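Thanks for coming, everyone. Please put the model up on the screen, and we will walk through it together.

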Amino acid sequence: MAYIIDNGNGIWVRLTSAVATELAEQNILTPMVVCKDAPSDEQFSQMLSGGGGDLSAAQAAACLRRLPEVMMDMLGLGHQVKIPKLGTFKLRAKGKFAKDGQPVEGSELTFKLSFLPCATWKKYLKNLQASIIRRPTRVPIIDDVDDAAGAARTGCITPGVSMKITGSDLKFNLLQSDEGVFFVEEGTGQVVRATAFLDNRGTRLTCGVPELKSGSTYILSVRKRFHGCKTLRIGYYQTPLTCN
C-alpha cells in the first residue's frame with residue numbers, strides 16, 4: 001500500500017477538511033490511500049485462473065459473471081451469502097411497520113447491502129505495510145500565450161492590450177496582491193503585475209498587459225496558492241517575451 005502525504009512543503013494531496021489543512025500547515029503528515037486502476041475483467045479472470053491451473057480463464061470469467069446473479073437470488077430469499085476466505089454479505093431493511101405487518105403510510109422501505117470481512121482480511125490489514133510516495137511540486141502550467149495584437153506568439157508583447165493565457169491550474173485568488181500574472185524583467189529582476197483580469201479560470205486567464213519598458217525582455221509567470229497550502233507556487237512560460 002502507498003500513501004500520498006502533504007506537509008505544505010511541495011508534496012501535494014487534496015485535503016477535504018479544515019483539520020487536515022491545519023495538520024498540513026503544522027508539518028504533520030496526512031496519509032491518503034492511493035488506488036491504482038482496477039484490472040479489466042479479462043485480466044482478473046486470468047489472475048483468478050492462476051495462469052493455467054485447474055480453472056481456465058474462460059471458466060473463471062463464467063463464474064464471475066454468474067456469481068452476482070446467484071448472490072442476488074440468495075439474498076432476495078433472505079439468506080446470508082458467505083464466501084470462503086472473503087466474508088459474508090447480507091441485506092438489512094429499514095422502514096416503519098404497524099403491528100399488523102403493514103407498512104406505515106408515507107414510510108418507505110429501503111434495503112442496504114452489508115459486508116463483514118472474514119478473519120483473514122483482518123489479519124491482512126493488520127500486517128499491511130505502507131510506503132511514502134512523493135509527487136512533484138504542483139505549480140500552475142502555462143501552455144500558450146496570445147494577445148490582441150497577435151505578437152505574443154512571436155515572442156513579443158504590447159502594453160495596454162489584452163492577453164490570453166491557457167494551461168492548467170491557473171485560477172488564483174484575485175484578492176491576494178501577490179497572486180496573479182506577473183512579468184519579471186530579465187537583468188534587473190523588476191516585477192510588474194498584470195492589470196484588469198477579465199477571465200480567471202483553471203484553464204484560461206485573460207488580463208491586460210501592464211506598462212513595461214520598451215525593448216526589455218520579460219519572463220511571464222502565474223503565481224498562486226493551492227487550497228490547503230500557504231506556500232506561493234509559481235509557473236513560468238518557457239518563451240521570453242520582448243516588449244514592443
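Which residue in S3 is the bridge partner of valine 81? It is phenylalanine 89. Keep in mind throughout that this is a predicted model.

Let's build outward from that pair. S2 and S3 run antiparallel and share three bridges. Together they make a hairpin, with three residues between the strands. Look at lysine 85 in that turn: its phi is positive, about 65°.

Now add the next strand. S3 covers residues 87-94, and its pairing with S4 is antiparallel too, over eight bridges. Two pairs to click on here. Glycine 87 sits opposite proline 117 in S4. Alanine 93 has phenylalanine 111 as its bridge partner, again in S4.

Put those strands together and you have an open sheet of three, ordered S2-S3-S4, with antiparallel pairing. Why do S2 and S4 each have one side without a neighbour in the sheet? Strand S2, 81-83, and strand S4, 110-117, stand at the edges, and each has a single partner strand, so one side of each stays free of a sheet neighbour. On average, neighbouring strands in this sheet are turned by 20° against each other, ignoring direction.

Next, the helix on this sheet. Helix H3, residues 57-76, lies across S2, S3 and S4. Its direction makes an angle of about 140° with S2.

Stay on H3 for a moment. Glutamate 69 and arginine 66 join their side chains in a salt bridge, 2.7 Å from N to O. How far apart are they along the helix? Glutamate 69 and arginine 66 are three residues apart in helix H3, which means about one helical turn separates them. For the whole structure, the search gives nine salt bridges.

H3 also has a helix partner. As a reminder, two packed helices are described by the angle between their axes and the distance between the axes. Here are both values. The axis of helix H2, residues 41-48, comes within 8 Å of the H3 axis, and the two cross at roughly 115°. H2 and H3 are therefore roughly perpendicular to each other. The crossing of H2 past H3 is right-handed.

Who touches whom? From H2, the residues are Phe44, Ser45, Gln46 and Leu48. They meet Ala57, Ala60, Ala61 and Leu64 of H3. Sort that contact by class and you get six nonpolar residues, two polar and no charged ones.

Now scroll further along the chain, to another sheet. This one is open as well, with four strands in the order S6-S8-S12-S11 and antiparallel pairing. Which strands are at its edges? Strand S6, 141-147, and strand S11, 195-200, since each of these pairs on one side only. From one strand to the next, the twist averages 20°.

One last pairing in this sheet. S6 and strand S8, residues 162-168, run antiparallel and are joined by six bridges. To find the register on screen, take isoleucine 142: opposite it stands glycine 167 in S8.

To recap, the stops were the sheet S2-S3-S4, helix H3 lying across its strands, the H2 crossing at roughly 115°, and the sheet S6-S8-S12-S11. Happy to take questions.

Definitions and conventions. Residues are numbered from 1 along each chain as its sequence is written. This is a predicted model: local features need pLDDT of at least 70, side-chain atom pairs count only at pLDDT 80 or more; totals for chains, interfaces and linings use all residues. Side-chain values use heavy atoms; hydrogens and water are left out. Two strands pair if DSSP finds at least two bridges between them. Axes are lines fitted to C-alpha atoms, for helices over the stretch in contact, and angles run from 0 to 180 degrees between N-to-C directions. Contact means heavy atoms within 4.5 Å. Angles under 35 degrees count as roughly parallel, over 145 as roughly antiparallel, 65 to 115 as roughly perpendicular and the rest as oblique. A crossing is left-handed if the near helix is turned anticlockwise from the far one by less than a right angle, and right-handed if clockwise. Ala, Val, Leu, Ile, Met, Phe, Trp, Tyr, Cys and Pro count as nonpolar, Asp, Glu, Lys and Arg as charged, and the others, Gly among them, as polar. A salt bridge is a side-chain nitrogen of Lys or Arg within 4 Å of a carboxyl oxygen of Asp or Glu.
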